[in-house]
Amino acid sequence: MTDALKRLSDEGVAIWLDDLSRKRITSGNLAELIDQQHVVGVTTNPSIFQKAISSGDGYQQQVADLAARKVTVEEAIRMITTADVRDAADVLRPVFDATGGQDGRVSIEVDPRLAHHTAATIAEAKQLAWLVDRPNTLIKIPATKAGLPAITEVIGLGISVNVTLIFSLERYREVMDAYLAGLEKAKAAGLDLSLIRSVASFFVSRVDTEIDKRLDKNGTDEAKALKGKAALANARLAYQAYEEVFSSDRWAALDKAGANKQRPLWASTGVKDPAYKDTLYVDELVAPGTVNTMPEATLEATAARGEITGDTISGTYAAAQADLDAIGALGISYDDVVQLLEDEGVEKFEASWNDLLKSTEAELKRLAPSEG
């Protein structure tokens, strides 16, 4: 065991766990990760909940109670998932207090079926914030076109947001703009801006997966030499955009009013290609003021084999742009790739949600009390 996680934390990278289950909470595992592995936050998504609840571990009594009340399957899922998030938020509360609200956060996502519906997303975000009822919650809203005005509205209401499923640099700039517009609304409404927090979840590994596939199809030596470079280049240029936006005059006015920067969060940091080092998207994305949310396997790999050598983002922007330009010169369309990844991301979460609906419905029927 190395001290790589401590070094990562010392470099200004907040380590969050990309996983949650009731067993992880009740067994004391989450508290242990906070205490020993420098974990200071938790992210969830529909796929994570589908896996946790389908395992059945720790959920039977609550499902039986919900079945006795004859609640709808949608209500059952919300009762189950918000209970887990609330309990995890309580475990992380000391971190939240110690960091002045920056970390100690738990994220919960709006129903992915609402990703293209602005008004419904806003209503769901408000409902989730009310249901969980913990100050250290982040409501996850996807960075779809319909999600952008929802982000502004929800931030404007004083609700902290984790913007998810960001793949493109252009969309990331739109996300930051939506956040600033939300802060301006909150300020106009007289809200305390210091209490509003946000992260922007910029997805990493999936970019390499898709672009590497296209580079393989190209088959030239030049294409092969570019494999494994797109995701890091994309993320590093996102950090450049973050530095620009949060040093602007528009930001300065909000900063003066007590607002917090929207931190970039590196998501999907588990390596998909076994040819790459399993800590690639941790070691090479170190910069102050960022978050890296890791599946447990990546967290353990970083603890064992991580090579944290300081800031690996600042000063890389020209090389990162050159890598993306070289990929584009081979006929691989960046715009096409990032739009495909956003569409697939929404579809995958929707599929997981539908699987969760089906498995929960089956459990409600199985555990329903016999009439009489």
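Is Thr279 buried or exposed? I would like to start there, keeping in mind that what we have in front of us is a predicted model. Thr279 has a relative accessible area of 0%, and because the cut-off for calling a residue buried is under 20%, Thr279 is buried. As for where it sits, Thr279 belongs to the loop between β7 and α14, the latter covering residues 280-283. Leaving aside residues up to four places away in sequence, Thr279 touches Ala301, Thr302, Arg305 and Gly306, and its side chain is also joined to the side chain of Asp283 by a polar contact of 2.8 Å.

Let me turn next to the largest pocket, which has a volume of about 390 Å³. Its lining is made up of 24 residues, and those closest to the centre of the pocket are Asp18, Arg206, Ser268, Lys272 and Pro295. Sorted by class, the lining comprises eight nonpolar, 11 polar and five charged residues. Several elements supply at least two lining residues each, namely the helices α4 (46-55), α15 (296-305) and α17 (334-367), together with the strands β5 (161-166), β6 (198-203) and β7 (263-267).

One of those strands, β5, contains Leu165, and I would ask you to look at its backbone, since Leu165 has a positive phi of about 60° although it is not a glycine. Leu165 is buried, as its relative accessible area is 2%. A second residue other than glycine with a positive phi is His38, where the value is near 65°. His38 is placed in the loop between α3 (29-36) and β2 (39-42), and with a relative accessibility of 28% it counts as partly exposed.

Finally, a word on helix α9, which runs over residues 169-188. Is its length what we should expect from its 20 residues, or not, and what do the end C-alpha atoms tell us? At 1.5 Å a residue the helix should span 28 Å, and the end C-alpha atoms are 29 Å apart, which agrees. Within α9 the buried residues are Leu169, Arg171, Tyr172, Val175, Met176, Ala178, Tyr179, Leu180, Gly182, Leu183 and Ala186. In reading that list, it helps to recall that an α-helix has 3.6 residues a turn, so residues three or four places apart point the same way. After α9 comes Gly190, whose phi is positive as well, near 80°.

Conventions. Residues numbered from 1 in each chain as written. Predicted model: local features only at pLDDT ≥ 70, side-chain atom pairs only at ≥ 80, totals over all residues. Heavy atoms only, no water. Helix = DSSP H or I, 4+ residues; strand = E, 2+ residues; numbered from the N terminus. Expected span 1.5 Å × (residues − 1). Buried < 20%, exposed > 50% of the residue type's maximum accessible area, 1.4 Å probe, protein only. 1 Å grid on protein atoms, 1.4 Å probe; cavity = no way out; pocket = protein on both sides within 12 Å on 5 of 7 lines; lining within 4 Å. Points joined across faces, edges and corners; volume = space filled by probe spheres on them. Nonpolar A, V, L, I, M, F, W, Y, C, P; charged D, E, K, R; others polar. Polar contact = N/O pair within 3.5 Å; in protein donor to acceptor, adjacent residues only side chain to side chain. Contact = heavy atoms within 4.5 Å.
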